[in-house]
Amino acid sequence: MRVDELDFQLPAELIAQTPALRRETARLMHYRRDSRSLDHASFEQFPSLLRRDDVLVFNDARVTAAKFDLRKSGGGRIEGLFLGESSPGLWRVMLKGLGRYAGELVFVGDPVLTARVLRHHGGGEYDLRLDEAQPAAPLLERLGRMPLPPYIKRKQDDPREAMDRIRYQTVYARAGGAVAAPTAGLHFTEELLEKLDGAGIERLFVTLEVGPGTFKPVTADSLDDHRMHAERYAISSSAAERLNEAKRLGRRIVAVGTTAARVLESQDDVFVARQAQTDIFIRPPYRWRHVGAMLTNFHLPRSTLVALVAAMVGLDEQRGLYRLAVEKGYRFFSYGDAMFIE
C-alpha cells in the first residue's frame with residue numbers, strides 16, 4: 001500500500017488549537033459500517049449510541065509534563081522532551097537546538113538544576129545526567145510543560161499552559177509515562193462516565209504509554225517499508241478476565257481510541273495479564289480479532305493512525321469520510337472532534 005493513498009487536503013483552520021469550550025460539546029460523526037450510513041451529533045449523545053451489553057475499553061495513561069527548557073552557558077535555549085529515566089537523575093531525552101554544544105546545561109525555572117549530556121543516540125535522542133539524583137515526576141511537575149503535539153502552536157510562556165494541563169489529560173488518567181494524550185478520551189467528563197454506569201454499560205481500563213513516535217510521519221513511499229514505533233502497555237488480570245468473559249458472551253468490545261485498539265489487537269485469541277511492548281501496525285488489509293467498534297479523533301494525513309482507520313472501514317470509505325469531515329468543518333487532531341465507527 002502506498003503512503004500517498006493516506007494523504008488528503010486539510011485546511012489549516014481545521015487544525016484545532018484549543019479544545020471545545022466543554023469536553024462533551026465536541027462534534028461527533030457516527031458511522032455505521034453495515035449500512036454505510038452516518039449521522040452528525042454532539043459528543044454528549046455518545047452514550048445513547050451504545051448497546052447495553054457493550055464493553056468500553058479506555059487507555060488510562062497519564063500524560064507527563066514532559067517538555068522542558070534548558071540554557072547553554074552562553075545563553076542559547078534548548079527545548080527538551082523527557083522520554084524516561086533509567087534511575088533518578090539519569091534521563092533519556094530528545095533535545096532540539098543542542099548542536100555541537102558539550103558544556104553544562106541549566107534548566108529554566110525553579111529550582112535551578114544543571115545537567116550534562118552523557119551520550120547521543122542519534123535522531124535527537126540523548127542520555128542526560130542531572131546534578132541531583134531525584135525522581136523525574138515531581139521535578140517535571142514544577143519545571144515541565146504539557147508535551148503538546150507540534151501542530152498545536154504555543155508561544156513561550158503561553159497563558160494557555162494552565163488550560164492545557166487540564167484539558168490535554170483525560171479525566172480518568174492514572175498511570176503515568178505517556179508523552180502524548182490518548183485523545184479520543186479527552187471528550188469524556190465525569191458526568192458522561194456516570195451516565196454510562198447508569199445505563200449499565202461496562203467500562204474497563206488498559207494502559208498504553210503513548211510515545212513521541214505517535215507523531216512520527218511516515219517517510220517511506222510504501223507502508224511495507226515503515227518501521228512502527230514500540231510503546232509499553234499493560235493489561236491487568238481483572239481486565240483480561242472481563243475481556244475474555246465479554247468475548248465468550250458475544251458482547252461487543254468498543255475501543256476508546258487507537259491506543260486502546262492497539263493494546264487489544266496486540267493480544268492473541270485469549271486475553272492474558274501482561275506488561276510488554278507493542279509495535280503492532282494496523283493497516284489494510286487487517287482482520288480485527290477483538291475490536292468491534294471504535295471511538296477516535298480525526299488524524300494526520302499520511303499517518304499510521306489514518307491507516308488504522310482505513311483498516312476498520314476500508315480505504316475508499318476512509319477517504320470519503322475524511323473528505324466529508326473537511327466539508328462539514330470538523331476540527332482535526334488532538335483537540336478536535338471525534339468519530340464513532342461501529
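Strand E13 (residues 231-235) runs antiparallel to E15, and the two are held in register by five bridges. Within that pairing, Arg-232 sits across from Gln-277 in E15. Keep in mind that all of this comes from a predicted model.

Helix H4 (residues 237-248) lies on the same sheet as this pair of strands, where H4 touches E3, E12, E13 and strand E14 (253-256). The direction of H4 makes about 130 degrees with that of E12.

Zooming out, what is the order of the strands in the open sheet? It has nine strands and goes E2-E1-E17-E16-E14-E3-E12-E13-E15, with mixed pairing. At the edges are strand E2 (37-42) and strand E15 (274-278), each of which pairs on one side only. From one strand to the next, the twist averages 25 degrees.

**The barrel**

Then there's the barrel. Six strands close up in the order E5-E6-E7-E10-E9-E8, and here the pairing is antiparallel. The twist in the barrel averages 45 degrees from one strand to the next. As a general point, strands of a sheet pair through backbone hydrogen bonds, either parallel or antiparallel.

Here are three of the antiparallel pairs in the barrel, with their bridge counts:

| Strand | Partner | Bridges |
|---|---|---|
| E5 (residues 67-72) | E6 (residues 77-87) | five bridges |
| E8 (residues 105-107) | E9 (residues 114-122) | two bridges |
| E9 | E10 (residues 125-130) | six bridges |

A few residue pairs help to find your way around. Arg-71 stands opposite Arg-77 in E6, so to speak arginine facing arginine. Between E8 and E9, Val-106 is placed opposite Thr-114 in E9, while on the E10 side His-120 is opposite Tyr-126 in E10.

The turns are worth a look too. How many residues lie between the strands in the hairpin of E8 and E9? There are six residues, and Gly-109 in that hairpin takes a positive phi near 130 degrees. E9 and E10 also form a hairpin, this one with two residues between them. In its turn, Gly-123 has a positive phi of about 65 degrees.

**Helix H3**

Back to the open sheet by way of helix H3 (residues 190-198). Which residues of H3 are buried? They are Leu-192, Leu-193 and Leu-196. Looking down the axis of H3, the buried residues fall within an arc of 100 degrees, so they line one face of the helix. In general, an α-helix has 3.6 residues a turn, so residues three or four places apart point the same way.

What do the buried residues of H3 pack against? Their partners are strand E3 (55-59) and strand E12 (202-208), and both E3 and E12 belong to the open sheet. On the other side of H3, Glu-191, Glu-194 and Gly-198 are exposed. Just past the end of H3 comes Gly-200, with a positive phi of about 75 degrees.

**Cavities**

Finally, the empty space. The structure holds two cavities of 30 Å³ or more, and the largest cavity has about 80 Å³ of space. Its lining draws on residues from well-separated parts of the numbering, including Pro-19, Ala-20, Arg-23 and Ala-26, then Arg-167, Leu-186 and His-187, and on to Arg-331, Ser-334, Tyr-335, Gly-336 and Asp-337.

Conventions:
Residues are numbered from 1 along each chain as its sequence is written. This is a predicted model: local features need pLDDT of at least 70, side-chain atom pairs count only at pLDDT 80 or more; totals for chains, interfaces and linings use all residues. Side-chain values use heavy atoms; hydrogens and water are left out. Buried means under 20% relative accessible area, exposed over 50%, partly exposed in between (1.4 Å probe, protein chains only). Helices (H or I, at least four residues) and strands (E, at least two) are DSSP runs, numbered from the N terminus. The arc is that of the directions from the helix axis to the C-beta atoms. Contact means heavy atoms within 4.5 Å. Two strands pair if DSSP finds at least two bridges between them. Axes are lines fitted to C-alpha atoms, for helices over the stretch in contact, and angles run from 0 to 180 degrees between N-to-C directions. On a 1 Å grid over the protein atoms alone, a cavity is a set of points where a 1.4 Å probe fits but cannot get out, and a pocket is an open set with protein on both sides within 12 Å along at least five of seven lines; lining residues have an atom within 4 Å of a point. Grid points are joined across faces, edges and corners, and a volume is the space filled by probe spheres set on the points.
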